[in-house]
Structure formats: C-alpha cells, structure tokens
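Please take the sequence and the three-dimensional structure together, and follow the path from one helix to the next as the paragraphs below describe it.

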Amino acid sequence: MKPIDVKKKLSAAIDEVISNSHDYCVSAKSDFKCSRKLPFKQMMQGIIGMGGVCLANEILDMSEYSLKTASTSAFVQQRSKIKPRAFETVFQSFSNNISCDFTEGMRILVIDGSAMQIATVPNDTDSFLPGTNGQKPYNLLHLNALYDLKHHIYIDAVIQKAKLRNEHKSFIDMVDRSDIKNAPIIADRGYESYNNMAHVQEKGWKFLIPVKDGNHYRYIAASSPFDYLPSKSRKSDALLFYELRFRVVHLRIGDDTFETVLTNLDGQTYPPQKLKELYASRWGIETSFRDLKYTLGMLHFHSKKVMCIQQEIYAHLIMYNFSEMITSHVVIKQKQRKYTYKANFSVAVHMCRLFYHRKITSPVLEAIISRNVIPIRPDRHRIRKNSDKSFKGFLYRIA
C-alpha cells in the first residue's frame with residue numbers, strides 16, 4: 001500500500017467522525033458552533049498529529065506558524081469539548097480500513113496490557129492510587145490492546161482507569177466485536193479464564209494462554225462469570241453443560257524453566273516446539289509498547305485531565321498504525337552485510353508525521369526511510385532493565 005493510500009484511509013476515518021461531530025462533543029448543542037480559530041476538524045487532525053514538543057509549539061506547528069495562532073488556553077478549552085470516543089472511533093475505523101487489504105495467510109493476534117502513570121490528580125478517584133512503602137500517591141491508566149503480529153498494527157484497544165481495571169472484560173469486548181473471521185490469539189498471564197476461552201471458541205478462533213504451574217481446575221465458582229451457562233439454577237432445572245475443548249502443554253523455555261499453556265490449536269499442526277515458537281512471537285507486542293511509549297511519546301502527555309490523556313492515547317495508536325503501514329511497504333535494499341537491515345522506526349515516525357502534516361512528499365518520505373536503517377539481530381539477548389514509571393512532566397524529547 002502506497003503512503004498516499006494509507007493517508008487517504010486515515011483521512012476517510014477522520015472525515016467520518018467530523019461529519020457526525022455532534023455525536024462526539026460533550027455538549028452537542030453548543031460546542032464548536034462558533035469556533036473559527038480552532039474548529040472541530042483542525043482539533044481532531046492536530047491532536048492525532050501531535051509530536052513530542054511542548055503544547056505551545058504543537059499549536060504553532062499545526063497552525064503553520066500563523067500570527068493568528070490560537071493561545072494554549074483556547075486550545076485546552078476546545079479539546080475539553082471533544083469526547084475521547086471521537087479518537088477511539090477514528091482508530092477503530094482506520095484499523096478496519098487498512099485491515100481490509102490483508103489477504104495473505106492467517107492473521108496472528110496477541111493481547112496484552114500496559115500501565116501508564118499520569119500526572120497526580122487526587123480528584124480523579126478511579127485512577128488515583130495511594131502510595132505504599134513511602135511511595136508518593138499517583139494516578140494510573142491501563143491499556144489493553146489487541147495487536148496483529150504479522151502486520152505490526154493495533155486492531156483494538158480498551159483504556160481503563162486503575163481502580164476500574166478488568167482485563168477479562170476488555171479481552172471479551174475486543175474478541176466479540178472483532179470482524180476477523182479466524183485467527184489464533186495469544187494472551188499473556190492475567191487473561192487466563194474459562195470464560196475468555198469460551199468466547200474465543202464461540203468466535204471460531206484458536207487460543208494460546210499461559211497458566212500457572214500446578215493450577216488444577218476442578219470447578220467454576222459461583223462468583224466467577226461464565227456467559228454460556230446460567231449464573232443461577234434451581235434443583236428442578238435441567239442440567240446444562242458447556243463443552244470447552246483444549247489441551248494442556250508443558251513447554252521447556254530454558255534449562256530449568258517451563259511454561260504451561262492451554263490451547264485448542266491442532267496437536268499435529270502445532271506440536272510443542274511449534275507452540276513454543278508461537279508463544280515466543282508474542283514478544284512483538286512488548287516491542288510495540290516500547291515504541292508507543294518512547295518513540296510515539298505515550299509516556300508524556302499535553303494535559304493532566306484523564307479525558308484529554310485518553311484522546312492522546314488513541315491518537316498515538318492511530319499514528320503508530322499510520323507509521324507502521326507506511327514503513328512496512330518501503331523497500332529496504334539489502335547489501336552484502338553481516339545482518340539484514342530494517343527501517344529505523346524512530347526516524348520513520350518523525351517522517352510520517354511530517355508527511356501527515358503535508359510538509360514532505362511521498363517520494364521524499366520513502367527515500368529518507370529507506371536510507372535510515374538499523375540491523376536486525378534475532379539472537380540478541382539483553383537483561384531487561386527496570387524503567388522509571390514516574391510521571392515525566394510536560395517537557396520532553398521524543399521522535
């Protein structure tokens with residue numbers, strides 16, 4: 001898919017929301033009725049294209065450094081009129097638009113979550129957490145995401161506040177509303193649930209879910225939800241059963257390390273070694289989270305309001321997919337070198353943002369991406385460092 005085609009699909013998704021702007025305004029009767037400097041369309045396009053500079057410079061950039069540029073105060077007031085659902089709708093529509101062109105083979109999906117510490121706002125009780133062991137209080141959001149491993153794009157996402165976090169519900173919501181006909185889905189620990197597996201089975205998908213060693217299931221407690229059996233029954237009611245098929249596989253992932261997984265993937269097609277490789281591939285979503293946070297800037301936001309932060313999270317997901325779709329179709333010439341090379345995603349994101357803002361042409365975009373490459377080292381291992389999850393403030397440098 002050419003860059004211009006990707007851009008057209010994103011523009012179509014944005015225009016669809018703009019044409020129904022009243023559905024996405026906090027007050028449909030009054031919001032954006034007399035807005036001249038910062039109309040709804042400019043706000044949507046501007047927030048989606050935000051980079052890593054301070055808010056004042058972002059506004060100057062989106063207004064092309066006009067002397068009539070609106071103030072930061074006016075921008076903040078305008079963005080507070082837009083529901084996060086507007087950006088969620090663009091994200092889902094854009095994801096569906098680009099997914100329509102995926103025809104080769106079966107898609108492999110992975111679901112995982114990532115926490116994001118935001119500015120401390122005690123009044124937002126659903127995201128506010130008191131500090132423990134001398135730690136200061138903080139606010140936390142949790143992103144649950146459905147990721148396409150083959151095409152390196154996000155298919156769906158659910159943002160939850162810390163105290164409302166429910167990974168099982170987000171799992172079910174994303175599986176049930178997906179338009180994908182058939183796919184294996186790989187989950188991380190925390191998504192282990194009979195109910196989750198039943199929803200995947202009803203969808204016609206396959207699952208690969210790790211469980212704790214020595215975790216022997218005998219029954220489902222009455223307090224545990226299961227959507228395909230009644231929550232309550234009388235002795236006089238007929239006995240109901242639900243058949244859930246899976247196999248338990250014990251995988252060796254190290255000299256003395258094992259992983260137990262549940263899966264309904266065919267045993268002949270997916271023997272233990274194949275399952276091990278498939279489960280290892282889920283690391284792709286971890287690297288995508290790293291790119292989202294450090295390359296796209298999802299650790300640093302231009303607001304303290306949770307509603308505005310949710311806008312930016314969906315905006316980053318949109319720009320991630322936009323950049324990945326363009327970058328993945330740029331031809332990287334492989335020379336006689338030790339390693340195979342791929343595009344430098346940090347450079348690619350920066351150039352894709354410029355292309356989104358119409359500051360460079362498609363040929364220039366592709367030429368610069370193809371020239372800025374880094375080696376692929378598939379056997380490289382490094383010790384995972386504990387990152388600082390504290391709130392970073394509003395001054396930062398990212399791609």
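Which residues in α2 and α5 meet each other? The model is a predicted one, and in it Met44, Ile47 and Ile48 in α2 meet Ala86, Phe87 and Val90 in α5. By class, this contact of α2 with α5 has six nonpolar residues, with no polar and no charged residues. The geometry behind the contact can be read from the helix axes: α2, which covers residues 40–48, and α5, which covers residues 84–99, pack at an angle of about 65°, with their axes 11 Å apart. The two helices are therefore roughly perpendicular to each other, and α2 passes α5 in a right-handed crossing.

The contact with α5 is one part of the surroundings of α2. Phe40, Met43, Met44, Gly46, Ile47 and Ile48 are buried in this helix, and the buried residues of α2 pack against α1 (3–18), α3 (55–62), α4 (72–79), α5, α10 (306–328) and α11 (345–356). On α5 itself, a further residue to find is Ser93. Ser93 has a relative accessible area of 13% and is therefore buried, since buried means under 20%. Once its neighbours within four places in sequence are left aside, Ser93 is in contact with Ala13 and Glu16.

Two of the helices that pack against the buried residues of α2, namely α3 and α4, also pack against each other, at an angle of about 85° and with their axes 10 Å apart. That angle makes α3 roughly perpendicular to α4. Leu55, Ala56, Ile59 and Met62 in α3 meet Thr72, Phe75 and Val76 in α4, and by class this contact has six nonpolar residues, one polar residue and no charged residues.

The loops around these helices hold two residues whose backbone deserves a look. Most residues other than glycine have a negative phi. Phe32, in the loop between α1 and α2, has a phi near 60°, a positive value in a residue other than glycine. Glu64, whose place is in the loop between α3 and α4, has a phi near 55°, again a positive value in a residue other than glycine. Is each of these side chains buried or exposed? Phe32 counts as buried because its relative accessibility is 15%, whereas Glu64, at 62% relative accessibility, counts as exposed.

Further along the chain, helix α9 comprises residues 283–295. At 1.5 Å a residue, its 13 residues should span 18 Å, and because its end C-alpha atoms are 18 Å apart, the expected and modelled spans agree. Within α9, Ile285, Glu286, Ser288, Phe289, Asp291, Leu292, Lys293 and Thr295 are buried, a list in which the charged residues include Glu286, Asp291 and Lys293. What covers the buried residues of α9 includes the strands β1 (109–118), β3 (138–148) and β4 (153–161), together with the helices α10 and α11. After α9 comes Gly297, whose phi is positive, near 95°.

How do α9 and α10 cross, and which residues make the contact? The axes of α9 and α10 come within 10 Å and cross at roughly 115°, and the crossing is right-handed. The contact is made by Ser288, Asp291 and Leu292 of α9 and by His316, Leu317 and Tyr320 of α10. Divided by class, the residues of this contact are three nonpolar, two polar and one charged.

Tyr320, found in helix α10, is a suitable residue on which to end the path. Tyr320 is buried, because its relative accessible area is 1%, a value under the 20% that marks a buried residue. Not counting residues up to four places away in sequence, Tyr320 touches Tyr147, His152, Tyr154, Ser288, Asp291, Leu292, Leu296 and Phe345. The C-alpha atoms of Tyr320 and Ile153 are separated by 7.4 Å, although these two residues are 167 residues apart along the chain.

Notes
Residues are numbered from 1 along each chain as its sequence is written. This is a predicted model: local features need pLDDT of at least 70, side-chain atom pairs count only at pLDDT 80 or more; totals for chains, interfaces and linings use all residues. Side-chain values use heavy atoms; hydrogens and water are left out. Axes are lines fitted to C-alpha atoms, for helices over the stretch in contact, and angles run from 0 to 180 degrees between N-to-C directions. Helices (H or I, at least four residues) and strands (E, at least two) are DSSP runs, numbered from the N terminus. Angles under 35 degrees count as roughly parallel, over 145 as roughly antiparallel, 65 to 115 as roughly perpendicular and the rest as oblique. A crossing is left-handed if the near helix is turned anticlockwise from the far one by less than a right angle, and right-handed if clockwise. Contact means heavy atoms within 4.5 Å. Buried means under 20% relative accessible area, exposed over 50%, partly exposed in between (1.4 Å probe, protein chains only). The expected span of a helix is 1.5 Å times one less than its number of residues.
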